[in-house]
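This report describes one protein model in running text, with a short table of paired residues. The sequence and the structure come first.

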Amino acid sequence: MTRAVCPGTFDPFTPGHFDIVARARHLFDHVTVLVAVNDDKRPSRPTAARATDIQRLLPADWDNVSVAAWRGLTVDYCRRHGSSVIVRGVRNATDWQYEHRLAAMNESLGIPTLFLPARPELAATSSTAVRATDLAPRRFGR
């Protein structure tokens, strides 16, 4: 069984995040949406509340997707829970540069990263922009 992790602060979980998880769930036997604590960011809601919100947004028939909250290195979560790959979405060249540095570090610690490019219609949306405009997604058009 191949297990993957999609980590992020998800403040909030955007349609772009949803799309990355939707695509990843077809590539791996199991995907964990890992709601991470990032001390460099100040999320608008507690980690557990964000995790609960994401769980509610996921379709009930996505039985190979789970949501977990985590404080610590993503590679430590992967090791403890048998995940062999990290999945990250990239919207643009700036994302790529940042994510590539993280991926190199995670690779050196034994966990590779798979990058999925954002769909063009979702690439302009960031959590920061959603928070600024208070357009937090509810059910992603369903």
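How far apart are the closest N and O atoms in the salt bridge that D19 forms with R23? In this predicted model, the distance between the closest N and O atoms of D19 and R23 is 3.0 Å. The two residues are four apart in helix 1, so about one helical turn separates them. D19 is buried, since its relative accessible area is 13% and the limit for buried is under 20%.

**Salt bridges**

Side chains of opposite charge can pair when their charged atoms come close. The count of salt bridges in the model is seven. Among them are the three in the table, each given with its N to O distance.

| Salt bridge | N to O distance |
|---|---|
| D19 and R23 | 3.0 Å |
| D76 and R79 | 3.4 Å |
| R91 and D95 | 2.9 Å |

D76 and R79 both belong to helix 3, which covers residues 74–81. They are three residues apart there, about one turn of the helix. D76 has a relative accessibility of 27% and so counts as partly exposed. R79 is also classed as partly exposed, because its relative accessibility is 48%.

In the R91 and D95 pair, R91 is partly exposed at a relative accessible area of 34%, whereas D95 counts as buried at 16%. Apart from that pair, D19, R23 and R119 are joined into one network by salt bridges that share partners.

**The sheet**

Strands of a sheet pair through backbone hydrogen bonds, either parallel or antiparallel. Here five strands form an open sheet in the order 3-2-1-4-5, and the pairing is parallel. Strand 3 (65–70) and strand 5 (113–117) each have a single partner strand, so they stand at the edges and one side of each has no neighbour in the sheet. From one strand to the next, the twist averages 30°.

Strand 1 (residues 3–8) pairs with strand 4 (residues 85–90) in the parallel sense, over two bridges. V5 has I86 of strand 4 as its bridge partner.

**Helices on the sheet**

Helix 2 (residues 47–57) packs on the sheet and touches strand 2 and strand 3. The direction of helix 2 makes about 145° with that of strand 2.

Helix 1 (residues 15–24) lies across strand 1, strand 2 (30–36), strand 3, strand 4 and strand 5. Its direction runs at about 120° to strand 5. Which residues of helix 1 are buried? They are F18, D19, I20, V21, A22 and A24. The buried residues of this helix pack against strand 1, strand 2, strand 3, strand 4 and strand 5, and also against helix 2. D19 is thus on the list of buried residues in helix 1 and is a partner of R23 in a salt bridge.

**The loop between strand 1 and helix 1**

Most residues other than glycine have a negative phi, and most peptide bonds are trans. Two backbone features of this loop can be set beside that rule. F10 lies in the loop between strand 1 and helix 1, and its phi is near 50°, a positive value in a residue other than glycine. With a relative accessibility of 7%, F10 counts as buried. P12 is also placed in the loop between strand 1 and helix 1. The peptide bond from D11 to P12 is cis, with omega near 0°.

**The loop between helix 3 and strand 4**

S83 is found in the loop between helix 3 and strand 4. Is S83 buried or exposed? S83 is buried, because its relative accessible area is 5% and the limit for buried is under 20%. Neighbours within four places in sequence aside, the contacts of S83 are R3, A4, V5, C78 and I111. Of these, V5 is the residue whose bridge partner in strand 4 is I86.

**A nonpolar surface patch**

L73, Y98, L102, M105 and L109 make a nonpolar surface patch of about 420 Å². L109 is located in the loop between helix 4 (93–108) and strand 5. Its relative accessibility is 33%, so L109 counts as partly exposed.

Key
Residues numbered from 1 in each chain as written. Predicted model: local features only at pLDDT ≥ 70, side-chain atom pairs only at ≥ 80, totals over all residues. Heavy atoms only, no water. Pairing = 2+ DSSP bridges. Axes fitted to C-alpha atoms, helices over the stretch in contact; angles between N-to-C directions. Contact = heavy atoms within 4.5 Å. Patch = residues over 30% accessible without salt bridge, like charges linked within 9 Å, V, L, I, M, F, W, Y side chains within 5 Å. Areas by Shrake-Rupley, 256 points an atom, 1.4 Å probe, with all protein chains shown as cover. Salt bridge = Lys/Arg side-chain N within 4 Å of Asp/Glu carboxyl O. Buried < 20%, exposed > 50% of the residue type's maximum accessible area, 1.4 Å probe, protein only.
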